[in-house]
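The following exchange examines a structural model and asks how each descriptive term is justified. Each answer sets a computed value beside the criterion it must meet.

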Amino acid sequence: MTTKQGKILIVDDNEDILFALNLLLQPHVEKVKVTTQPERIAHFIETFAPDVILLDMNFTKDADSGHEGFFWLKKIKETDSDAVVIFVTAYSDTEKAVQAIKAGATDFIPKPWAKDKLLATVASGVELRRKRTEVSQLKKQVAALESNLSFPEIIGESQVMQSLFETIDKLKNADANILILGENGTGKDLIANLLYCCSPRAGKPFVHIDLGAIPETLFESELFGYEKGAFTDAKKEKAGRFEIASGGTLFLDEIGNLTPATQMKLLTAIEKRQIMRLGGTSPIHINVRLLCATNVDIHEMVARSYFRQDLLYRINTIELHIPPLRERGKDIELLAGHFLHRFAKKYKKDIRCISTSALRKLNAYNWPGNVRELQHAMERAVILASGYTLSADDFMLKPAPVRKTKSENLNLEELEQSAIEKALEQADGNMNQAAELLGISRFTLYRKIDKYKQR
């Protein structure tokens, strides 16, 4: 049995028309309400929330100008801009009804009507209302996310960072796809945010997705969406990230983690500029600017056939390389001072400066976790400090690796295998954490583990 869908409000001065329409629609829709008083339309919109409003063109006896229909259409749209209004009109009013569609009506039904045509028109109106509501909800969700998205504060006075800023400034009027490369913790997400804020698409949707956190089985449903009933748990339809970002920017983080199968699906969507929801039958056209990021050597992956070269060409019209913190010189002290101020305020501690010995310690450290690691180190130091100045002892940094002697094992494969085993042990078997400790992608870690298993 087909589930009845849609709430219908019928507004007509002829009670016979109301009775006939009510009798016809009742078996096919969820609810029907009728009124001869157009003045009550606002009340019904508020209390009944109709999906479709069937509106008579004329309410005054013998009137045929259609002015009343236009008047009440305008009032309805002022109350609910997404309202679906279908005019019910005499054959002689057809020309006016077409004009009304240009003014915001969805369709019109002539009197007398054909039963099947009327039911089909109402069903289409209910579906249109559903889609308008979904789009409106998505826009609200994106707006809520973007309200927390402010112009990023990126600190850096080193030459390498100034060169990066100059390149970004040249891109402010461009709409090209950009690939952001850099080690873990260098701030690739901040650079993506900056590129968005400086682009022609600023103010339009900005959607961020971490591809490294999405299992291959969920790739299509997350990026392309799905229709109701597409799979067991699909209780209602859901738009994918591409669809939500259409018109704006889609930031695909950790793109180096994609498997060959998901790379192909992504390439197809980019090339065709359209996606298909799981369980869907109609393609959905998309218009997005892609920002992608990865911490792996993606060109090496292409050389080894782990990443599609044609996909790389699609996403790296422009490449930006984010320098590691160890190459940024005095930026370490600038960032340390910035984080000191932030965390002293957060934890309400009167810490005013960083000692010279502490700064020497920070500058001598290699920072494998880059700016993110420095941020965490500063937060720990502020929490543990007891005086007005941060000392070298307040920083618990990992010691520099001991220089190897000639008698030590220098076999690269064995050293690599040992490093993987230690990383997995420290991460308690968590593949994502182990990959981050090693400075490689999860995909690369899986590949290396498979290689050693086959030895």
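pLDDT is the predictor's confidence in each residue, on a scale from 0 to 100.

Q: What makes the confidence in this model assessable, and what is the mean pLDDT of the protein chain?
A: The model is predicted, and the mean pLDDT of its protein chain is 86. A value of 70 or more is reached by 89% of the residues.

Q: Where does pLDDT stay under 50, and how many contacts beyond four places in sequence does the model have there?
A: Residues 400-407 stay under 50. For this stretch the model has 3 contacts beyond four places in sequence.

Q: Why is Ser221 called buried?
A: The term buried requires a relative accessible area under 20%. Ser221 has 7%, and therefore it is buried. Across the protein chain, buried residues make up 43% of the 455 residues.

Q: What surrounds Ser221, and in which helix does Ser221 lie?
A: Ser221 belongs to helix H8, residues 219-224. Leaving aside residues up to four places away in sequence, Ser221 touches Tyr226, Gly240 and Leu278.

Q: What makes the approach of the Ser221 side chain to the backbone oxygen of Leu218 a polar contact?
A: A polar contact needs a pair of N or O atoms within 3.5 Å, one able to donate a hydrogen and the other to accept it. The side chain of Ser221 reaches the backbone oxygen of Leu218 at 3.0 Å, and the distance criterion is therefore met.

Q: How do you know that strands E1 and E2 pair, and in what sense?
A: Pairing requires at least two bridges between the strands. Strand E1 (residues 7-11) and strand E2 (residues 31-35) have 5 bridges and pair in the parallel sense. Within this pair, Val11 stands opposite Thr35 in E2. Between the two strands the chain passes through helix H1 (residues 15-25), and this β-α-β crossover is right-handed.

Q: Which strands stand at the edges of the sheet with the order E2-E1-E3-E4-E5, and why?
A: This open sheet consists of 5 strands with parallel pairing. E2 and strand E5 (107-111) are its edges, because each has a single partner strand and so one side of each is left without a neighbour in the sheet. Neighbouring strands here are turned by 20 degrees against each other on average, direction ignored.

Q: What makes H1 a helix that packs on this sheet?
A: H1 touches E1, E2, strand E3 (52-56) and E5, and its direction makes about 165 degrees with that of E1. Helix H3 (residues 67-79) also packs on the sheet, touching E3 and strand E4 (85-90); its direction makes about 155 degrees with that of E3.

Q: How do you know which strands are the edges of the sheet ordered E7-E10-E13-E6-E14?
A: The 5 strands of this open sheet pair in parallel. Strand E7 (206-210) and strand E14 (318-321) are the edge strands, since each pairs on one side only. Neighbouring strands are turned by 15 degrees on average, direction ignored.

Q: How many bridges join strand E6 to E14?
A: Strand E6 (residues 178-181) is joined to E14 by 4 bridges, and the two run parallel. Ile178 stands opposite Ile318 in E14.

Conventions. Residues numbered from 1 in each chain as written. Predicted model: local features only at pLDDT ≥ 70, side-chain atom pairs only at ≥ 80, totals over all residues. Heavy atoms only, no water. Contact = heavy atoms within 4.5 Å. Right-handed = clockwise from strand over helix to strand, strands pointing away. Buried < 20%, exposed > 50% of the residue type's maximum accessible area, 1.4 Å probe, protein only. Axes fitted to C-alpha atoms, helices over the stretch in contact; angles between N-to-C directions.
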